[in-house]
Amino acid sequence: MMIHAIRIAQFAVLAAVTVLLAAEAGAAGASGPMLAQNCLACHGSRGQGQGAIPKIAGMSAADILTALHDFRTGKRSATIMRRVAEGYTPDEDERLAAYLATLK
């Protein structure tokens, strides 16, 4: 239970940092690596997964986009992932997926 609370606190801090960095990026928008900070906080620094949190490294951009869409629409159930996915615009989804697809 304590680990879950720590993960949620880490997520909240990283979400706030990502929002600030995205705002700082201006009209060009946040880069893929900036956007990915929320993902990598839980999925590992290279997307390798940790414990019950799945590996995202090696996923294609198309699969990442599908997963984000499915989490956002509720087709795929999750607690934190739905909230994370709802925080991205379609353009950010594209940049995020392109970056995450480079992780090996």
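**Exercise 1. Determine whether His43 is buried or exposed in this predicted model, and describe its surroundings.**

Solution. Begin with the accessibility: His43 has a relative accessibility of 10%, and because buried means under 20% relative accessible area, His43 counts as buried. Next, place the residue in the secondary structure, where His43 lies in helix α3. Then list its contacts, leaving aside neighbours within four places in sequence: His43 is in contact with Gln48, Gly49, Gln50, Ile53 and Pro54, and also with Ile56 and Met81. Finally, consider the backbone, where the C-alpha atoms of His43 and Lys55 are separated by 6.4 Å, although the two residues are 12 residues apart along the chain.

**Exercise 2. Establish how many disulfides the structure contains, and explain why Cys39 is not bonded to Cys42.**

Solution. A search of the whole structure finds zero disulfides. To see the reason for Cys39, take the closest cysteine sulfur, which belongs to Cys42 and is 8.9 Å from the sulfur of Cys39. Since a disulfide needs a pair of cysteine sulfur atoms within 2.5 Å, that separation is too far for a bond. Seen from the other side, Cys42 is in no disulfide either, its nearest cysteine sulfur being that of Cys39. As a last step, compare each residue with the cut-off for burial: Cys39, at 9% relative accessibility, counts as buried, and Cys42, at 13%, counts as buried too.

**Exercise 3. Characterise the packing of helix α4 against helix α6, stating at what angle their axes cross and which residues meet.**

Solution. First identify the two elements, namely α4, which spans residues 61-73, and α6, which spans residues 90-100; their axes come within 8 Å and cross at roughly 135°. That angle makes α4 oblique to α6, because angles over 145 degrees would be needed for roughly antiparallel and 65 to 115 for roughly perpendicular. The handedness follows as a separate item, and the crossing of α4 and α6 is right-handed.

Now turn to the residues in the contact. From α4 come Ala61, Ile64, Leu65, Leu68 and Arg72, and these meet Asp93, Glu94, Leu96, Ala97, Ala98 and Leu100 of α6. Sorted by class, the contact of α4 with α6 has eight nonpolar residues, three charged residues and no polar residues.

One charged member deserves a closer look: Asp93 lies in helix α6 and, at 7% relative accessibility, counts as buried. Leaving aside neighbours within four places in sequence, Asp93 is in contact with Leu65, Leu68 and Arg72, as well as with Tyr88.

**Exercise 4. For His69, Ile8 and Asn38, find which helix holds each residue, how accessible each is, and which sequence-distant partner is given by its C-alpha separation.**

Solution. Take His69 to begin with, which is found in helix α4 and counts as partly exposed at 43% relative accessibility. Its partner is Glu86, which is 17 residues from His69 in sequence and 8.9 Å from it in space, C-alpha to C-alpha.

Continue with Ile8, which lies in helix α1, residues 2-25. With a relative accessible area of 38%, Ile8 is partly exposed. The C-alpha atoms of Ile8 and Ile80 are 8.5 Å apart, while the residues are 72 apart in sequence.

Finish with Asn38, whose place is in helix α3, residues 37-43. The relative accessible area of Asn38 is 10%, and the residue is therefore buried. Asn38 and Val84 are 46 residues apart in sequence, and the distance between their C-alpha atoms is 7.6 Å.

**Exercise 5. Summarise the overall architecture: how many helices and strands are there, and what share of the residues counts as buried?**

Solution. Count the elements first, which gives six helices and zero strands in the protein; read along the sequence, they follow the pattern α-α-α-α-α-α. Then consider burial over the whole protein, where 32% of the 104 residues count as buried. The last step concerns how contacts are spread along the sequence: among contacts between residues at least 6 apart, 55% join residues at least 24 apart.

Definitions and conventions:
Residues are numbered from 1 along each chain as its sequence is written. This is a predicted model: local features need pLDDT of at least 70, side-chain atom pairs count only at pLDDT 80 or more; totals for chains, interfaces and linings use all residues. Side-chain values use heavy atoms; hydrogens and water are left out. Axes are lines fitted to C-alpha atoms, for helices over the stretch in contact, and angles run from 0 to 180 degrees between N-to-C directions. Helices (H or I, at least four residues) and strands (E, at least two) are DSSP runs, numbered from the N terminus. Angles under 35 degrees count as roughly parallel, over 145 as roughly antiparallel, 65 to 115 as roughly perpendicular and the rest as oblique. A crossing is left-handed if the near helix is turned anticlockwise from the far one by less than a right angle, and right-handed if clockwise. Contact means heavy atoms within 4.5 Å. Ala, Val, Leu, Ile, Met, Phe, Trp, Tyr, Cys and Pro count as nonpolar, Asp, Glu, Lys and Arg as charged, and the others, Gly among them, as polar. Buried means under 20% relative accessible area, exposed over 50%, partly exposed in between (1.4 Å probe, protein chains only).
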